[in-house]
Amino acid sequence: MSEYAKKDFLQISILNRQQLHDTFHLDAQLFYLLEGTMQVAVREYTTNLKAEDVLVINANKEYQYHASEDLLLVRISIPTQLISRMVQSADVVFWCDSTRENNRRYDELRKALRQLLHRYLGVRDRGEDFGYYALCYRVLDILSNYFLMRVTDREGAEDAERFENRILQIDNYIQANYDRPISSRDLAEKLYLSQGYLSRFFKRNYNMSFAEYLTGIRLYHAMDDLIYTTKPITRVAYDNGFANTAAFNKAFKDKYGKTPSVVRQNLSTQKGEQARPAEDETTEQRLARYLQQEGMQRTDDAEAGKQTVEWQARAGAALRPVWDTINAGAAVDLLKSEVREHLLVLADQMGFAYVRFWNLFSREMLLDLHTPDQSYNFSKLDSILDFLLEHNLKPHMELGSKPRRLYRNVQTAIEQEPLDLPLPEPEVWEPFLHALMRHLQRRYHAGELDGWRMEVWFNESRRADPEAACEYLAFFNSTASIVRQYTTGLQIGGCGLRLGYENEERTVEFLRAWRQQPCQPDFLSALCYAYERGQIHQDRYSRRSTDNEFLLHQVEELRTLLAREGFGDTPLWLTEWNLTISDRNFINDTCFKGAYIVKNAIDAYGLADRMAYFLGSDRVSEHYDSSMLLYGGTGLLTKDTILKPAGHAFRFLHMLFPYFVGKGENCLATTDGHGAFAILCHNQKELNHNYYLSREDEIQRDSTWKYYEDRNPLQLTLRLNGMADGSYQVKIYQVGQQAGSVLEAWAEMEYQPDLSRHDIQYLQRVCGPKLTIRTAEAENGVLSLEIELQANEIRLLHIRPIR
C-alpha cells in the first residue's frame, strides 16, 4: 500500500471497551455507535449516545467516555490535514452530533458508514482496494459538505478573514518548519506579533500552548515514519525536529504510553494490521453479525420517485387557513403607498387576512414614549390601521422595539439597527399603553378590536440573561393586563422563540417561570429560519441547516417541550418563517421557493396554529443595490408587482376548499363538501452541497439547477375512494420552470437590466400558472389520477363532477 494512500486512509477501530480516556489527537474522531449506550465528555460538553448515533470530536480535544457492557463502537480518525487541503481552509471544525438534531443528512452519513464497514471487513487483510478508498472519500465528502464549519460561520466574525489568514499562516509555518528547531518567538516575529499575544491566541484557538501543538505535529509525522518506513529511530527523531533521541522517547511515551522502539517492534509482528488498530476477534465478529442482521435490512427504496396516495372522499374538519398572516415590514413601511399597493395584491390574490408589522416607535411614526405631558401622537398609526380595516385586513402589531435589518447573508448586514434594545420602563410604558387602548376604543367600536393581535417580542440577544427574562415577564404581565381591561377579544401573546437557536435548558427555565405568572399568553410565538446555532471551542456558530425537514422537526420538538412544561393547549404561532434571512439570495426567486413553501405548509399543518411568512413584498428590502428586476429578496412579489413562484404557492393555498380530507408526503387534499375536491402537490428538491458551500448572496441566478440534489420528476398517483361513478372535470394549475417563473422569463430576456414599462407588463401577464383541463372517469367508486411533477414544480388540481 502506497505511503500517500496510507496517510489519507481512514483509520478504523472497532471498540468494546466500557471506558476510554484520550488526551490528545491531531485528527478529528468520528464515533458511530452500533450497539449499547455511552456518555461522552469533551471538556465541558457532555452528550449521551444510543444505537445509531454519530458524533465527531474535533482535533486536539481531550475526551473520555463511559459505556454500557454491550458496547459496539466504530471509531474513525478523520484526517484533518487532508480536509484542510481539500476545502482550502486551515480552520477545520466539525459540527456533527446526531443527539442534538434531527437531520436526514445523518441518515446519509450512516448509510455511507455502513457501506464502508462492509468493505472494511472484506478487504482489511488484502491491501489495496479501489472500492474501499472510494467509500472512505464518500464519508469525507458527506462530512465536509454538510457537517464542516468554517470561520465565516462564526457569529460576530467581522474579523473572520483576518482570523482565517492568521490560522493559515500559523499552520503553514509549523507544517513547513516542524522538522527544524523553531520557537514561539520565531513564529511571533514572523507574524509581527508579541510573544504574549501569540501565547494567548494559541491557548484560545488551539486549546494548548505553542510547544504542545508543535510536539503533537512532530509526533504525528514521527508515527508515520515508524509505521511506513524502516528509518532508524534516531533518524526518525532528528527528521521530525526533536533535539535528541531522549527528548523524542519521552514525548512519544507521554503521548502513546510506549517508547518508539516498542511500537516499532509491535508493528513488525503485526503484519497486515497497519490499516487498522489491533482489535480482538470478538468485536469483529460482533461487527459482522451487526452488518448481517441490522445493516443488511436497510435497502434503498426501489420505488423512489413514485408515490401513491389514497383518501376517502369525504369531508373532515374545516380546513384551518393557518397561513393567513403575512409579514409586511416595519410600521413606517406601511405608510408608503407602494407597499400598501402590494398589500392589496397579496390580500386579493393570496387571501391574507392579517398583516403583521412592528417598530411602532421609530422616529417617523411620531410616537414618543417619553412625551412629558403624555400627549401621544397616534396619527401615523391611525393611518395604518384605517388603511387595513378599509380593506378588510386585520392588524397583528408587534409591540417591541424590533430592529430593522437587511442581510446579504447570515453574517453580513446591508443595513442593521442595534439589536440589544431594552424594554421600556413601567412608568413610561403603562401610561402609554392605557392611552393607546383608550384611543383605539374611541376611534373604533368595541367589536372592531375583536380578532386583532398584539405580540410582545423578547429580544433573543437578551434571553440568556435571567434578569432580562424577569423583566420580560413583568413587561408581558403589565401589557396583557392593561390590554385585557379594554377588550377580551384581542389576542395577545409572545415571546418569539428562535427555533434552532434556543438553549433548551434556558427555554425550560423561562417557560416554567412564565407558567407561574398571573397573565398567560393567548399564543406563543416562534421564529423559524433554517439556521442552527451551536458552540464549538469558545466560538458560537450559526450555519444554514442541511435538514430538509428543519421546520417540521423544530416544530415537533417545540410542541413536545411545550406540552411537557404545561403549554400543550396554548396555540403555537410561527410569526416569522422562511428558509433564509438573506435579502440577496437568488434562491428566493426560484421555483424551489414555491415548492419549499407548499412543502412546509403541508408538513406543519396540524402542528402550527399560525404561520406568518416573512416577507410579503420585495419593496421592503430595496436598497442601493436593488435596481435589477430580481435581486434575491424574500418577498412574494417583486418590486414591479410580479408574482414569484413563492407568491403562487400562497395563491394555491388560498384556492384550497374549506374542508380537510387528508395529506401525504407531497400533497394535501380538501373538499367543498359537495363533490368537488382541490389537491395541492409539490416536488420540492433538497438543496445540496453547492448551496451550503456558497455564500447566500453569491448564489448564481443563471445556474440555480446546480444547487439541488437531483432534478428527477415525481410520479404521483392520487386515488379518491368512495366517489360517485361518472365523469369529472380536472383543472390543473401548474407553476414550474416552464410556467409561472419570473426568473426563467427574465432569463429569456438575457437578464436585461433596463426593462421598459411594457416589458414589465408583459412579465406580469406571462408569469402566471399554466392551466390545463381534462376529463377523468371514476369507476367502482374510485377516481385515480396519474400526474408527473417536474423538479420543484407545484400543482393545484380542482376536481368537479360533470353533471
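**Exercise 1. Describe how helix H6 (residues 184-191) packs against helix H7 (residues 195-206).**

*Solution.* Start with the geometry: in this predicted model, the axes of H6 and H7 come within 9 Å and cross at roughly 105 degrees. Next, classify the angle. Angles of 65 to 115 degrees count as roughly perpendicular, so H6 is roughly perpendicular to H7. Then list who touches whom: H6 contributes Ser184, Arg185, Leu187, Ala188 and Leu191, and H7 contributes Gln195, Leu198 and Phe202. Finally, sort these residues by class, which gives 5 nonpolar, 2 polar and 1 charged for the contact of H6 with H7.

**Exercise 2. Work through the packing of helix H13 (residues 337-350) and helix H14 (residues 379-390) in the same steps.**

*Solution.* Two packed helices are described by the angle between their axes and the distance between the axes. For H13 and H14, the angle is about 25 degrees and the axes lie 11 Å apart. Angles under 35 degrees count as roughly parallel, so H13 is roughly parallel to H14. The hand comes next: the crossing of H13 and H14 is right-handed. On the H13 side, Arg340, Leu343 and Leu344 make the contact, and they meet Ser383, Ile384, Phe387 and Leu388 of H14. By class, the residues of this contact are 5 nonpolar, 1 polar and 1 charged. To read the spacing of such residues, recall that an α-helix has 3.6 residues a turn, so residues three or four places apart point the same way.

**Exercise 3. Find how far helix H19 (residues 591-604) reaches and how many of its residues are buried.**

*Solution.* Take the length first. H19 has 14 residues and spans 20 Å from its first C-alpha to its last, close to the 20 Å expected at 1.5 Å a residue. Now turn to its surroundings: 14 of its 14 residues are buried, and H19 is mostly covered. Last, look just beyond the helix, where glycine 606 takes a positive phi of about 95 degrees.

**Exercise 4. Decide which residues of helix H20 (residues 645-654) are buried.**

*Solution.* The cut-off to apply is under 20% relative accessible area. The residues of H20 that pass it are Pro645, Ala646, Gly647, His648, Ala649, Phe650, Phe652 and Leu653. That is 8 of the 10 residues, so H20 is largely enclosed by the rest of the structure.

**Exercise 5. Place isoleucine 732 and leucine 148 in the fold, and say whether each is buried or exposed.**

*Solution.* Begin with isoleucine 732, which sits in strand E28 (residues 726-735). Its relative accessibility is 4%, so isoleucine 732 counts as buried. Leaving aside neighbours within four places in sequence, its contacts are Lys770, Leu771, Thr772, Arg774, Arg795, Leu796 and Leu797. One of these partners, leucine 771, is 39 residues away in sequence, yet the two C-alpha atoms are 5.6 Å apart.

Move on to leucine 148, found in strand E10 (residues 148-149). With a relative accessible area of 8%, leucine 148 is buried too. Its C-alpha is separated by 8.1 Å from that of cysteine 96, which is 52 residues away along the chain.

**Exercise 6. Summarise the whole protein: how many helices and strands are there, and what share of residues is buried?**

*Solution.* Count the elements first: there are 23 helices and 31 strands. For burial, 57% of the 803 residues qualify. To finish, consider contacts with a separation of 6 or more: 76% of them join residues 24 or more positions apart.

Note on methods:
Residues numbered from 1 in each chain as written. Predicted model: local features only at pLDDT ≥ 70, side-chain atom pairs only at ≥ 80, totals over all residues. Heavy atoms only, no water. Axes fitted to C-alpha atoms, helices over the stretch in contact; angles between N-to-C directions. Helix = DSSP H or I, 4+ residues; strand = E, 2+ residues; numbered from the N terminus. Parallel < 35°, antiparallel > 145°, perpendicular 65-115°, else oblique. Left-handed = near helix turned anticlockwise from the far one by under 90°. Contact = heavy atoms within 4.5 Å. Nonpolar A, V, L, I, M, F, W, Y, C, P; charged D, E, K, R; others polar. Expected span 1.5 Å × (residues − 1). Buried < 20%, exposed > 50% of the residue type's maximum accessible area, 1.4 Å probe, protein only.
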